[in-house]
Each structure stands twice: as structure tokens, then as C-alpha cells.
Amino acid sequence: MEIKVKKLDNKAILPKKMHDGDAAMDLYSIENINFKEKEIKSVATGISLSIPIGYWGNIRDRSGLAFKHGLHTLAGVIDSNYRGEIKVVIINLGKEYNIKI
């Protein structure tokens, strides 16, 4: 399957698998963001995707960030007809006051 990716910002990093056998590709933030306890933020990736009809994108937690810091993704479905910037909605469920991603 081919998924076209478009950079919308010069700072954007294209999604990629870090290791053979990875289940999914990693997304990268183009922002430095501090998360306060219980805070929800939308994090920009600087990319848009062209997902084939009949498929959808699914944004999930990174196990390390979820376990170590309590960061949890919300609203992770990307429809095949969506062409806007991919943003990741994140809530800090952890006890740390500030977390940089």
C-alpha cells in the first residue's frame, strides 16, 4: 500500500519505522510543548497524508511516553478523505508538571 505524505512545514520529519518489525510508523512534532498536569493540547506534525480509500489512519500512544510520563493520545482516527495537517491530541495524565516532547 502506498501512502503519500506531504510536508507542510520545513521543520516536519516524514513518518518512518525505526526498526524492522515495528507495527507502525512514528510521527514527529514540529513544536516544543510543555504539558502541565491534566492539560490537553493539539500537537502539530507539519505533514498531511493521502490514505487510500477503504483504509484509515490510527494514532496511538507511544508506550514509553505513556508509561514514563502518562501522556495519552485522544481522537486518533484519520479518515481516508482528510487532507489537512495531521495533529495529535494529547493529554498529560501524569504527575509531572512540565513534559517536553
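## Buried loops, strand pairs and a pocket

Q: Is Thr45 buried or exposed in this predicted model?
A: The model is predicted. Relative accessibility of Thr45 is 2%. The cut-off for a buried residue is under 20%. Thr45 therefore counts as buried.

Q: Where does Thr45 lie, and which residues does Thr45 touch beyond four places in sequence?
A: Thr45 sits in the loop between S2 and S3. Residues up to four places away in sequence are not counted here. Thr45 then touches Ala12, Leu27, Tyr28, Ile30, Glu85, Ile86 and Val88.

Q: What separates the C-alpha atoms of Thr45 and Lys4?
A: Along the chain, Thr45 and Lys4 are 41 residues apart. In space, their C-alpha atoms are separated by 15 Å.

Q: Is Ser80 buried or exposed?
A: Ser80 is in the loop between strand S6 (77–78) and strand S7 (87–92). Leaving aside neighbours within four places in sequence, Ser80 contacts Ile51, Pro52, Ile53, Gly54 and Tyr55. Its relative accessibility is 17%, and the buried class is under 20%. Ser80 therefore counts as buried.

Q: Which residues of the largest nonpolar core touch the most other members?
A: This core has 15 residues. The elements giving two or more residues to the core are strand S2 (40–44), strand S3 (47–50) and S7. Those that touch the most other members are Phe35, Leu49, Ile78, Ile86 and Ile90.

Q: In what sense do S2 and S7 pair, and which residue in S7 stands opposite Ala44?
A: S2 and S7 pair over five bridges. The sense is antiparallel. Opposite Ala44, in S7, stands Lys87.

Q: How many bridges join S5 and S7, and which residue in S7 stands opposite Leu71?
A: S5 and S7 pair in the antiparallel sense, over four bridges. Opposite Leu71, in S7, stands Asn92.

Q: Which element gives the most to the lining of the largest pocket?
A: The largest pocket has a volume of about 1,100 Å³. Strand S4 (57–58), helix H1 (63–69), strand S5 (71–74) and S7 are the elements that give two or more residues to its lining. With three residues, the element that gives the most is S5.

Q: Which lining residues are closest to the centre of the largest pocket?
A: The lining has 36 residues. By class, 22 are nonpolar, seven polar and seven charged. The closest to the centre are Met25, Asp26, Leu27, Asn58 and Ile59.

Technical notes. Residues numbered from 1 in each chain as written. Predicted model: local features only at pLDDT ≥ 70, side-chain atom pairs only at ≥ 80, totals over all residues. Heavy atoms only, no water. Buried < 20%, exposed > 50% of the residue type's maximum accessible area, 1.4 Å probe, protein only. Contact = heavy atoms within 4.5 Å. Core = buried A, V, L, I, M, F, W, Y, C linked by side-chain atoms within 4.5 Å. 1 Å grid on protein atoms, 1.4 Å probe; cavity = no way out; pocket = protein on both sides within 12 Å on 5 of 7 lines; lining within 4 Å. Points joined across faces, edges and corners; volume = space filled by probe spheres on them. Nonpolar A, V, L, I, M, F, W, Y, C, P; charged D, E, K, R; others polar. Pairing = 2+ DSSP bridges.
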